[in-house]
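Subject: Structure handover

Hello,

Here is the structure I promised to pass on. Please open it and keep it beside you while you read the notes below.

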Amino acid sequence: MSSDPIRVLIAEDEALIRLDLKEMLEEEGYSVVAEVGDGQQAVDRAQELSPDLVILDIQMPVLDGLSAAEQIASARIAPVIVLTAFSQRELVERARDAGAMAYLVKPFSKNDLVPAIEVARGRFAEMTALDGEVRTLEERLETRKVVEQAKGRLMTDQGMSEAEAFRWIQRTAMNQRTSMKALAEAILAGTAVGDAPA
């Protein structure tokens with residue numbers, strides 16, 4: 001039995017780009033559940049449809065893509081990928097601060113799109129898992145920071161990929177009935193015990 005296709009909402013004010021994007025997504029087996037032309041519609045439709053992924057253009061009328069990304073990401077509706085014609089560092093940072101999980105510079109190809117979707121969905125799953133452990137925003141930021149550092153340590157010391165390192169932390173914390181934050185702190189202190197892959 002095949003798993004359900006990933007449901008995507010596209011927000012892009014240029015009809016031609018929207019059409020291209022929809023075609024690329026559908027060719028790769030994704031299901032486009034809505035197409036909108038401004039940021040406010042993107043937020044409204046995302047709240048209404050709870051898609052698995054939202055792709056937003058930064059330059060849009062009514063509400064720009066970064067503001068829309070911020071609203072969608074802070075409500076934890078879906079992972080967000082932002083599209084832009086500019087690759088300026090400042091915009092990349094603003095997109096990241098707004099909660100975007102990945103970033104694509106136009107013109108992009110299918111070869112750029114699919115990895116960006118995988119990265120965005122992976123990061124979103126990590127964030128959601130971490131959110132389940134913590135109560136306050138401050139705690140959430142602190143936990144995320146420690147887990148990021150621990151992932152970095154595992155990637156360096158054990159040669160793991162980012163996803164493998166996160167899964168190892170998640171699995172080991174569950175097995176040891178401890179929080180991911182506590183385990184991450186132990187990894188950083190060099191006192192973690194667990195079956196770290198050789």
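Start with V62, which sits in the loop between β3 and α3. The model is a predicted one. Phi of V62 is near 65°. That is a positive value, and V62 is not a glycine. Most residues other than glycine have a negative phi. Is V62 buried or exposed? The cut-off for exposed is over 50% relative accessible area. V62 counts as exposed because its relative accessibility is 71%.

S50 also has a positive phi, near 45°, without being a glycine. Look for S50 in the loop between α2 (39-49) and β3. Partly exposed covers the range between 20% and 50%. S50 has 44% relative accessibility, so it counts as partly exposed.

One more backbone detail is worth finding. The peptide bond from K106 to P107 is cis, and its omega is near -5°. Most peptide bonds are trans. P107 belongs to the loop between β5 and α5.

**The sheet**

Now turn to the strands. Five of them form an open sheet. What is their order? Reading across, it is β2-β1-β3-β4-β5, and the pairing is parallel. The edges are β2 (31-36) and β5, each of which pairs on one side only. On average, neighbouring strands are turned by 20° against each other, direction ignored. Strands of a sheet pair through backbone hydrogen bonds.

Take β3 next, residues 53-57. How many of its residues are buried? Five of five, so β3 is mostly covered. L53, I55 and D57 point one way from the strand. V54 and L56 point the other way. In a regular strand the side chains alternate between the two faces of the sheet.

β3 has a partner on each side. Strand β1 (residues 7-11) pairs with β3 in the parallel sense, over four bridges. Three pairs of residues let you trace this:

- L9 stands opposite V54.
- I10 has I55 as its bridge partner.
- A11 has L56 as its bridge partner.

Strand β4 (residues 80-84) is also joined to β3 by four bridges, and the two run parallel. Here D57 has L83 as its bridge partner.

β1 pairs with β2 as well, in the parallel sense and over five bridges. In that pairing, V8 has V32 as its bridge partner. Why is β1 called largely enclosed? Four of its five residues are buried, so the rest of the structure largely encloses β1.

**Helices between strands**

Two β-α-β units are easy to follow along the chain. β1, helix α1 (residues 15-27) and β2 make a right-handed one. β3, helix α3 (residues 65-74) and β4 also make a right-handed unit.

E70 lies in helix α3. E70 is partly exposed, with a relative accessible area of 44%. E70 and A102 are 32 residues apart in sequence. In space they are 13 Å apart, C-alpha to C-alpha.

**The pockets**

Rolling a probe the size of a water molecule over the atoms shows where empty space is left. The largest pocket holds about 750 Å³ of space. Its lining has 26 residues. Which of them lie nearest its centre? They are R96, G99, M101, M127 and R144. At least two lining residues come from each of α3, α4 (89-97), β5 (102-105), α5 (110-131) and α6 (137-158). α6 gives the largest share, seven residues. By type, the lining divides into twelve nonpolar, two polar and twelve charged residues.

The second largest pocket holds about 210 Å³ of space. Its lining includes E118, V119, G122 and R123, and also E162, A163 and F166. Two elements, α5 and α7 (162-175), give two or more residues to this lining. Which gives the largest share? α5 does, with six residues. By type, this lining has four nonpolar, two polar and five charged residues.

That is the tour. Find V62 again in its loop between β3 and α3, then work through the sheet and the pockets in your own viewer.

Best wishes

Methods
Residues are numbered from 1 along each chain as its sequence is written. This is a predicted model: local features need pLDDT of at least 70, side-chain atom pairs count only at pLDDT 80 or more; totals for chains, interfaces and linings use all residues. Side-chain values use heavy atoms; hydrogens and water are left out. Buried means under 20% relative accessible area, exposed over 50%, partly exposed in between (1.4 Å probe, protein chains only). Two strands pair if DSSP finds at least two bridges between them. A crossover is right-handed if, with the strands pointing away from the viewer, the path from the first strand over the helix to the second runs clockwise. On a 1 Å grid over the protein atoms alone, a cavity is a set of points where a 1.4 Å probe fits but cannot get out, and a pocket is an open set with protein on both sides within 12 Å along at least five of seven lines; lining residues have an atom within 4 Å of a point. Grid points are joined across faces, edges and corners, and a volume is the space filled by probe spheres set on the points. Ala, Val, Leu, Ile, Met, Phe, Trp, Tyr, Cys and Pro count as nonpolar, Asp, Glu, Lys and Arg as charged, and the others, Gly among them, as polar. Axes are lines fitted to C-alpha atoms, for helices over the stretch in contact, and angles run from 0 to 180 degrees between N-to-C directions.
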